[in-house]
Amino acid sequence: KILSGQQADQKIAEVPGGVLAPDKWMAATNSDMTAWVGPWGVSFAANITPAKATGIGAWTEEMFIKTIRTGKHLGTGRQILPPMPWQDMGQLPDQDLKDIYAYLMTVKPVRNAVPQPIPPHGGNH
């Protein structure tokens, strides 16, 4: 399950109202650090295994690098949310990012559809 992100069937704990807000820079995470709650809402660790339908298996090397460089899903989509350190990783040389991509393509694919991020004040968070 490593590298497969937040497990689709794993529930997250309720966060009491008013605990997290844009003026309160604090975050909470679950025990395996795959779900994070903060002023940005709730973000989930992505499935970065080479599973084609639920991971990054359908991504090209170029898409992977563009995602890391821009901080946007597939280089053009939604923002990559905390705690992903894309700002730091985006500074890596091209060859390092190519090597990371090549490694990720060698791990066992895990079919796991990670939940979409939940914006602030979405649901009970």
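So, the lining of the largest pocket: helix H1 gives the most to it, with 3 residues. Keep in mind that what we have here is a predicted model. H1 isn't working alone, though. S3, H1, helix H2 and H3 each supply at least two residues of that lining. The space inside the pocket comes to about 860 Å³. Of the 34 residues that line the pocket, the closest to its centre are Phe 44, Ala 45, Ala 46, Asn 47 and Ile 48. If you're wondering how anyone finds a pocket at all, rolling a probe the size of a water molecule over the atoms shows where empty space is left.

Okay, let me step back and give you the overall layout. The protein has 3 helices and 3 strands. Walk along from the N terminus and the elements run β-β-β-α-α-α, with the strands ahead of the helices. Of the 125 residues, 35% count as buried. And here's one about contacts: take those between residues at least 6 apart in sequence, and 58% of them join residues at least 24 apart.

Now the strands. In what order do the 3 strands sit in the sheet? The order is S1-S2-S3, in an open sheet with antiparallel pairing. Strand S1, residues 28–29, and S3 stand at the edges, each with a single partner strand, so one side of each has no neighbour in the sheet.

Let's look at S2 and S3 together. S2 covers residues 35–38 and S3 covers residues 41–44, and the two pair in the antiparallel sense over 4 bridges. A hairpin joins S2 to S3 through 2 residues. You can follow the pairing on your screen: Ala 35 stands opposite Phe 44 in S3, and Trp 36 stands opposite Ser 43. Phe 44 should sound familiar, as we met it among the residues closest to the centre of the pocket. One general thing to remember when you look at a strand: in a regular one, the side chains alternate between the two faces of the sheet.

On to the helices, and back to H1, which spans residues 61–70. The structure holds 1 aromatic pair. The partners are Phe 64 and Tyr 101, with ring centres 5.6 Å apart and planes at 45 degrees, so we call the pair tilted. Why does this pair tie together parts that are 37 residues apart in sequence? Because Phe 64 lies in helix H1, while Tyr 101 lies in helix H3, residues 94–104. Are these two buried or exposed? Phe 64 is buried, at a relative accessible area of 6%, and Tyr 101 is buried too, at 12%.

Staying in H1, have a look at Thr 67. Thr 67 is buried, with a relative accessible area of 6%; the cut-off for buried is under 20%. What does its side chain reach? The side chain of Thr 67 reaches the backbone nitrogen of Leu 74, at 3.0 Å. Skipping residues up to four places away in sequence, Thr 67 touches Trp 59, Lys 72, His 73, Leu 74, Gly 75 and Ile 80.

Leu 74 deserves a moment of its own. You'll find Leu 74 in the loop between H1 and H2. Leu 74 has a positive phi of about 60 degrees, although it is not a glycine. At 30% relative accessibility, Leu 74 counts as partly exposed.

That loop between H1 and H2 also holds Pro 83. The peptide bond from Pro 82 to Pro 83 is cis, with omega near 10 degrees.

Last stop: Met 89, over in helix H2, which runs over residues 86–89. Met 89 is partly exposed, with a relative accessible area of 22%. Which residues is Met 89 in contact with, leaving aside neighbours within four places in sequence? The contacts are Ile 68, Arg 69, Met 84, Leu 97 and Ile 100. And one distance to try on your own screen: Met 89 and Gly 71 are 18 residues apart in sequence, and 9.6 Å apart in space, C-alpha to C-alpha.

That's my tour, so go and click around.

Key:
Residues numbered from 1 in each chain as written. Predicted model: local features only at pLDDT ≥ 70, side-chain atom pairs only at ≥ 80, totals over all residues. Heavy atoms only, no water. Buried < 20%, exposed > 50% of the residue type's maximum accessible area, 1.4 Å probe, protein only. Polar contact = N/O pair within 3.5 Å; in protein donor to acceptor, adjacent residues only side chain to side chain. Contact = heavy atoms within 4.5 Å. Pairing = 2+ DSSP bridges. Phe/Tyr/Trp six-rings, centres within 6.5 Å; stacked < 30°, edge-to-face > 60°. 1 Å grid on protein atoms, 1.4 Å probe; cavity = no way out; pocket = protein on both sides within 12 Å on 5 of 7 lines; lining within 4 Å. Points joined across faces, edges and corners; volume = space filled by probe spheres on them.
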